[in-house]
Number of protein chains: 2
Amino acid sequence: MTAPTRRERLRTAAVSDIKDGARRLLVTGGPQAISLRAIARDMGMTAPAIYRYFPSLEALVLDLAGDLLDELCEHLEAARDAAGAEPIDQLVGTARAFRRWSVRHPVEFRLVFGNLMPGVDAFPDDCGYPGDPGARLGDVFITPLVELWRRRPFPVPLAGQVDAGLTEALAPLREKHPELPVEVACLMLSGWTMLYGLVSMEVYHQLRWAVTDPEALFDAELAAFLQQLDGGSGR
Amino acid sequence: MTAPTRRERLRTAAVSDIKDGARRLLVTGGPQAISLRAIARDMGMTAPAIYRYFPSLEALVLDLAGDLLDELCEHLEAARDAAGAEPIDQLVGTARAFRRWSVRHPVEFRLVFGNLMPGVDAFPDDCGYPGDPGARLGDVFITPLVELWRRRPFPVPLAGQVDAGLTEALAPLREKHPELPVEVACLMLSGWTMLYGLVSMEVYHQLRWAVTDPEALFDAELAAFLQQLDGGSGR
DNA sequence: GCAAATGAGTGAACGCCGTTTACTATCGCA
DNA sequence: TGCGATAGTAAACGGCGTTCACTCATTTGC
């Protein structure tokens with residue numbers, strides 16, 4: 001690892017200037033407002049210059065989405081680490097942080113999770129390799145849950161009710177966490193579905209017909225879910 | 001109601017031709033591929049002619065989204081009515097039909113639920129007035145559940161655990177269905193969250209990292225939810 | 001039956017956009 | 001000092017939504 005040359009410094013500065021401009025446009029005008037010409041205008045440049053740094057607009061947006069996902073993951077990891085040593089507290093903190101970030105950054109949430117372009121997606125089909133941002137997001141939630149199960153296996157609902165077909169269908173998830181019984185994997189997915197469903201409905205304003213304060217609903221559903229993981233510990 | 005004039009017939013025919021073209025572009029190229037010029041080209045016309053029928057591209061897409069939502073609702077109502085007289089069977093049929101339609105029409109699902117443009121949304125903030133397509137979608141699921149509760153109130157989880165804040169937050173939903181206890185309203189929302197979350201994750205390919213066969217997971221989660229509504233009936 | 005009004009459609013234009021190409025000036029290194 | 005790599009430019013192409021002035025057929029009212 002050698003010191004970056006002057007050229008390299010200028011280049012990375014330009015790259016981050018471009019991405020800053022893209023994000024500014026994203027936040028003020030939505031994903032559609034990101035355009036090479038507008039970014040270049042803001043920087044006092046012409047549009048073709050950006051092609052020295054990104055092969056296309058789509059590549060730029062993809063890169064930006066990756067940064068945003070990283071930012072979200074750091075936010076979540078910080079919240080988890082600040083929540084104390086109890087895995088269940090870590091789950092509460094991480095879930096609340098996920099909602100908070102999403103509600104405060106609705107446009108960014110849309111870019112990362114909204115499947116706006118093919119390829120811009122927090123969940124690539126194959127997110128197995130280490131360092132993959134999708135896997136990183138998953139791990140923030142999975143790690144405390146696995147630790148909770150390791151410390152004190154809780155009485156899992158539906159024990160023994162999961163049939164062979166579902167067991168086989170869950171193969172990708174189970175390969176990554178062979179230590180978990182299939183019922184726990186199932187419970188985990190159900191929790192993630194609830195979390196993702198509630199947050200995206202709130203971000204997209206699809207709960208207003210039913211609920212005035214989405215946070216109250218979120219906290220209640222979160223508590224109900226965690227109760228399932230808390231086999232008679234008397235909390 | 002008088003018979004439509006020749007002019008009116010030609011006009012409605014042109015309108016539906018335009019929307020057919022828009023949908024064809026939507027299905028083959030995604031929401032971004034809908035363009036006035038492409039629609040006009042397919043019809044052997046020029047783009048400005050479409051402004052005789054729609055005030056803007058956005059209005060056209062909004063109209064198309066409304067049609068698609070109606071189509072989905074009809075699909076769901078047909079499935080519900082075909083599921084027999086038992087409310088719980090109706091819920092199974094409707095939920096499965098929702099997943100089926102969404103998986104088979106992923107681009108349409110995206111246009112209706114994906115919040116692509118401000119205003120294109122199955123869930124307007126105020127969907128109270130009768131005939132509203134958003135309310136119609138809700139009713140397909142709510143009606144059987146209300147009927148189930150009317151026939152045989154089931155032991156509801158969390159009975160008495162819902163605090164005043166959540167009760168107040170659920171006001172919009174409860175005003176529409178005052179006969180339901182707040183715990184049932186809460187359960188209903190939790191079911192819808194699961195349904196919507198699972199289906200949109202499947203449509204957006206955000207489950208591939210965990211599951212090979214999303215239908216198996218869907219059926220399992222659906223069964224687990226319905227079990228909560230089925231207080232000891234021994235089904 | 002004929003003139004006026006209405007409606008549908010066209011072509012040209014404006015200002016956006018992504019992207020490519022050819023060209024120029026600058027920077028870093030030998 | 002000179003040379004290659006790099007960053008930037010201007011011009012152009014084709015596509016887009018939208019507006020405007022205009023033509024032509026159809027309908028309507030007298």
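Colleague: Which helices each supply at least two residues of the surface near DNA strand D?

Modeller: In this predicted model, they are helix H1 (6-29) of chain A, plus helix H1 (6-29) and helix H2 (36-43) of chain B. H2(B) gives the most, with 3 residues.

Colleague: What makes a residue count as near the strand?

Modeller: One of its heavy atoms has to lie within 4 Å of the strand. There are 21 residues around DNA strand D, and Thr46(A), Arg52(A), Tyr53(A), Arg37(B) and Tyr51(B) come nearest. By class, that surface has 9 nonpolar, 4 polar and 8 charged residues.

Colleague: Which part of DNA strand D is within 4 Å of the protein, then?

Modeller: A mix: 56% of those atoms belong to sugar or phosphate, and the rest to bases.

Colleague: Why call the pair Arg11(A) and a phosphate oxygen of DNA strand D a polar contact?

Modeller: The cut-off is 3.5 Å between N or O atoms. An N or O atom in the side chain of Arg11(A) is 3.0 Å from a phosphate oxygen of that strand, so the pair qualifies. Ser35(B) qualifies too, because its side chain has an N or O atom 3.3 Å from a phosphate oxygen of the strand. For Arg41(B), the distance to a phosphate oxygen is also given as 3.3 Å, so that pair passes.

Colleague: How do you know what relates chain B to chain A?

Modeller: A turn of 180 degrees with a shift of 0.0 Å along the axis lays chain B on chain A, at an RMSD of 0.1 Å. That is the relation of a two-fold axis. In chain B, Gly197(B) has the C-alpha nearest the axis, 2.1 Å from it.

Methods. Residues numbered from 1 in each chain as written. Chains lettered and ligands numbered in written order. Predicted model: local features only at pLDDT ≥ 70, side-chain atom pairs only at ≥ 80, totals over all residues. Heavy atoms only, no water. Least-squares fit on C-alpha atoms with pLDDT ≥ 70 in both. Polar contact = N/O pair within 3.5 Å; in protein donor to acceptor, adjacent residues only side chain to side chain. Helix = DSSP H or I, 4+ residues; strand = E, 2+ residues; numbered from the N terminus. Nonpolar A, V, L, I, M, F, W, Y, C, P; charged D, E, K, R; others polar.
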